[in-house]
Amino acid sequence: RKRRIPLIAVEHTPNEVKSRTEWAGSFAAMRSADRVVVLTNVYAGLLQAGLGRWYSPAKVRIIPNGVDAAMFRPVKGIGNNKQQPWAGMAARLAHTKRHDILVDVAHDTDIRLKFAGVGECLEALKKRAGQDEETGVEFSGLVPAAEMPNWLRGLDMYLHASEGETFSMSILQAMATGLPVIASDISGMDEIIGRDGRCGLLVPNTKDAWRAAIARVA
């Protein structure tokens, strides 16, 4: 401020899963920053509801994320196994991402799973997936950005079971690649996928709903 350099805060943490400390950070950003960048209209509304009278509309700017459509694009022959489709999710292996739902559903459906990402839930998910040796669950680790297009092209459908999301880049990448998408019906997802079924399906985050949606897409 002494040098009159503008301070810009960018909100990335989903409002639904913010801790008290993270809400304090949002409050501090709204008070001290010159501008606060959010990714969607829905996020701005939830931020306003959470901050109440401390929310300053004049400071907020909505700037959505985007993907490089030259990298993430449909190719002929997408997918690799029509007898047993590959489904995947690219996200940090954290409790709020709910990979465990997909692992459990894979036991009851005719799909194989790939997970791209690392995180604190890796070992627990590996143990959970190992309960049934006939269920194929592949952990790809942290896939470099340059390799993500080919990783996605190895799938037949993209799944995203998160409990909270700001603006999912991996869903955008999957859509740009030409994959059908199934995602949990949480705030902001309909801004990306819509609700007409043309780009994907939104489902309640329950195992029964996921089973039905995967069977429909498969």
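**Exercise 1. Determine how many disulfides the structure holds, and state whether Cys-121 and Cys-199 are buried or partly exposed.**

Solution. The structure holds zero disulfides, a disulfide being a pair of cysteine sulfur atoms within 2.5 Å. Before going further, note that this is a predicted model, in which local features need pLDDT of at least 70 and side-chain atom pairs count only at pLDDT 80 or more, while totals for chains, interfaces and linings use all residues. Residues are numbered from 1 along each chain as its sequence is written, and side-chain values use heavy atoms, with hydrogens and water left out. For the second step, buried means under 20% relative accessible area, exposed over 50%, and partly exposed in between, with a 1.4 Å probe and protein chains only. Cys-121 has a relative accessibility of 8% and therefore counts as buried, whereas Cys-199, at 30%, counts as partly exposed.

**Exercise 2. Describe the overall build of the protein, and explain why its radius of gyration agrees with that of a compact globule.**

Solution. Begin with the secondary structure: the protein has eight helices and nine strands, where helices (H or I, at least four residues) and strands (E, at least two) are DSSP runs numbered from the N terminus. Next, take the radius of gyration over C-alpha atoms and apply the globule rule, 2.2 Å times the number of residues to the power 0.38. For 218 residues the rule gives a value near 17 Å, and the 19 Å of the protein therefore agrees with it. Along the principal axes, the C-alpha atoms fill a box of roughly 60 × 35 × 35 Å. Finally, 45% of the 218 residues count as buried; and among contacts (heavy atoms within 4.5 Å) between residues at least 6 apart in sequence, 69% join residues at least 24 apart.

**Exercise 3. Establish where Trp-210 is found and which residues it contacts, then examine how helix α3 is covered.**

Solution. Trp-210 is found in helix α8, which spans residues 207-217, and with a relative accessible area of 0% it is buried. Leaving aside neighbours within four places in sequence, the contacts of Trp-210 include Ile-101, Leu-102 and Val-105, and also Leu-159 and His-160. Turning to helix α3 (residues 99-106), one finds that eight of its eight residues are buried, among them Asp-100, Ile-101, Leu-102, Asp-104 and Val-105. The cover over these buried residues includes α8, together with β4 (86-90), β5 (112-116), α4 (122-129) and β7 (157-160). As a separate step, compare positions along the chain: Trp-210 and Met-30 are 180 residues apart, and their C-alpha atoms are separated by 38 Å.

**Exercise 4. State in which loop Asn-15 lies, and which residues it contacts.**

Solution. Asn-15 lies in the loop between β1 (8-10) and α1 (20-32), and its relative accessibility of 8% means that it counts as buried. Apart from neighbours within four places in sequence, Asn-15 is in contact with Trp-23, Tyr-43, Leu-46 and Leu-47.

**Exercise 5. Give the phi values of Arg-4 and Arg-98, and locate both residues.**

Solution. Arg-4, although not a glycine, has a positive phi of about 60°, and Arg-98, likewise not a glycine, has a positive phi of about 55°. As background, most residues other than glycine have a negative phi. Arg-4 is placed in the segment before β1, and because its relative accessible area is 78%, Arg-4 is exposed. Arg-98 is found in the loop between β4 and α3, and with a relative accessible area of 22%, Arg-98 is partly exposed.
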